[in-house]
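I'm opening my notebook for this one and jotting down what I look up as I go. Salt bridges come first, then cysteines, a pocket and one isoleucine.

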Amino acid sequence: MMFDFKITGGLIYDGDGGAPVKTNIGVKGGRITEIGACGGDAEQTIDAQGAIVTPGFVDLHTHYDGQISWDEELKPSVNHGVTTVIMGNCGVGFAPVKKSDRDRLVRLMEGVEDIPGTALHEGLTWDWETFPEYMDAIDAMKHTIDFGVMIGHDPVRVYAMGERASAFEQASDADIAEMQRIVREAMQAGAAGFSIGRTDVHRTADGDWTPSAEAAEKELVALSGALADLDHGVLQIVNDFNLEREGDQFHDEFKIVESFVRASNGKPASISLMQRDMASNDWQRILDETDRLNKDGVDFNVQVAPRAIGVFQGLQCTFHPIMAQPSYIAIKDKPLAERVAIMRDPEFKKKCLAEKPVTLAGPGSSVPPIADVMIAAIEMVANKFFRLGEHPDYEQPQDKSLGAEAQRDGVTAMEKLYDTLLELDGKQLIYFPIYNYTDFNYENVRAMLTHPKALPGLSDGGAHVGTICDASFPTYLLTHWCRDRDCGRIELARAIQMLTADGADYLGLKDRGRLKVGLRADINIIDHEKLALGPPRMVKDLPAGGQRLLQPVSGYRATFVKGEQVIANDEVTKARPGRLVRFG
């Protein structure tokens, strides 16, 4: 047999979690045609000596819903071994949409997922109204990697209810019937599933709750039921169980989640799992409920991050510690270099630090209330602020925090943070692990990752571009957890299985996720010993001059999507084999 190419001498991890095998892989026509001797000729032979060879990674939780319509490359996911992404999570998206509601959905995505509205307005093509039309539109552009899309509750509600789609207005029977029709239409066109968002943290750019945040159980059950007789589809859930409100509402909220999931007639479901300081045991309660549901035959999963759910703060970022100081607000729109020069003036610094911060959240503001809470408690919160360094360390003890550094230097935390923001000519980034870092280590994260129903997720690729850079999660799992951590490591074969076969199986994708004869040639060749992340950096490459954080990575010798090479020695190639995955 003449192969299109063959990979020789690599250590093959097939995705099933077993021990690796040093062997060869032959590829022809975008499929794996032989694993073993591969003695036939090949148009290209790739030497994988010293490298591991894995299936392409599946990322279940991204937000490329806008970026997909203007960007072929789909950075940063493509740079981290990901060959299939799922977008449309958390109940948000851009379809279906009436022309009169386009700005409303932009404001929603801008607030919830921190994607610049100017970039969305300029980049979105808007050559769709219905969800099937949206799928056709994004499939018309070639991309580096494959993508599937979920239909989100918010745009469905806005499309069906118009101005009445407020979080505080309940849907009528006619509204619900129309929403069911829309969801059903999307699923039959090949949507991956249906997503909902019930969290007070998510706000529109105008400071309002998302349209579906307070939807009644009746509505949720009906929309989940639209999937009941289909042979495909998953449900995705984000819920903070009303933590910012009075009383413990966990039980009541989880009852709604359970009713929603059960109404789908057995469709797999997943919920975001993380440890929040204000309710530090809720993640265990979620796992207890997960065990109970699975024991009762419900396929209920948890999406888990391999590190803290954190944000970067800096003078170039969406958030930073002095953003509420009146003196800073007066200069916030000036170019970075000019702001830095002003802030270095001792008199300006003295005045700024002496001021009382103003309230940022509220009507007309996309800043979540938690930002004001954090700023008010900055002297305490600074004990969770860290520099990552040139070789990013996401698991640091408290005594390395900027709060501890301030104590040692005999200055206030606010002054230490002010000075830190001016480092690197104002380009210093301060890492704030908001969730998953209550105990200043990742032992609880390890418990989440090793739960039998854990799925790696929450990378939010394409979202929160001014505050996070978590599309690097796959690389972090393979380095920190499988190679670098001092204790409690995860076996490399198991980590690769989580990133590949587990995600594909959850979605019902039978053509990828493993290195097996007959499956798609979605393949990574990785120098695992040299695999490394660099410090995140801000780049201006979005439409309308928008900026985003990207994190350099090295160690990916090659990534193939359906047999075409999209990464060569960490660089994106010109190949564009990526297409829309239509489910069902």
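**Salt bridges**

I start with the term: a salt bridge is a side-chain nitrogen of Lys or Arg within 4 Å of a carboxyl oxygen of Asp or Glu. The idea behind it is that side chains of opposite charge can pair when their charged atoms come close.

Before going on, I note that this is a predicted model, where local features need pLDDT of at least 70, side-chain atom pairs count only at pLDDT 80 or more, and totals for chains, interfaces and linings use all residues. Residues are numbered from 1 along each chain as its sequence is written, and side-chain values use heavy atoms, with hydrogens and water left out.

How many salt bridges does a search of the whole structure find? It turns up 48.

I looked up Asp409, which forms a salt bridge with Lys416; their closest N and O atoms are 2.7 Å apart. I also wanted to know how open each partner is (buried means under 20% relative accessible area, exposed over 50%, partly exposed in between, with a 1.4 Å probe and protein chains only). Asp409 is partly exposed at 46%, while Lys416 is buried at 11%.

Next I checked Asp541 and Arg548, whose side chains meet in a salt bridge at 2.9 Å, N to O. Asp541 is partly exposed, with 41% relative accessibility, and Arg548 is buried, with 7%. Elsewhere, salt bridges that share partners tie Asp14, Asp16, Asp505, Arg514 and Lys516 into one network.

My last pair is Glu169 and Arg164, with 3.8 Å between the closest N and O atoms. Here Glu169 is partly exposed at 31%, and Arg164 is partly exposed at 33%.

**Cysteines**

A disulfide is a covalent bond between the sulfur atoms of two cysteines. The cut-off I use is a pair of cysteine sulfur atoms within 2.5 Å. The count for this structure is zero.

Why is Cys469 not bonded to Cys317? Cys317 holds the closest cysteine sulfur, but it is 11 Å from the sulfur of Cys469, so that's too far for a bond. Cys469 is buried, with a relative accessible area of 4%.

I tried Cys482 too, and it is in no disulfide: the nearest cysteine sulfur, in Cys487, is 14 Å away. Cys482 is buried as well, at 12%.

**The second largest pocket**

A pocket, on a 1 Å grid over the protein atoms alone, is an open set of points where a 1.4 Å probe fits, with protein on both sides within 12 Å along at least five of seven lines; lining residues have an atom within 4 Å of a point.

I noted a volume of about 420 Å³ for the second largest one. Its lining has 18 residues, and Pro392, Asp393, Tyr476, His480 and Asp484 lie nearest its centre.

Which helix gives the most to this lining? That's H18, with five residues. H18 covers 473-484, and strand E18 (532-533) also supplies at least two residues. (Helices are DSSP runs of H or I with at least four residues, strands are runs of E with at least two, and both are numbered from the N terminus.)

**Ile329**

I found Ile329 in helix H9, residues 326-331. Ile329 is partly exposed at 29% relative accessibility. Leaving out residues up to four places away in sequence, Ile329 touches Met323, Ala324 and Val358 (contact means heavy atoms within 4.5 Å). Cys352 is 23 residues from Ile329 in sequence and 9.9 Å away in space, C-alpha to C-alpha.

Notes: Points joined across faces, edges and corners; volume = space filled by probe spheres on them.
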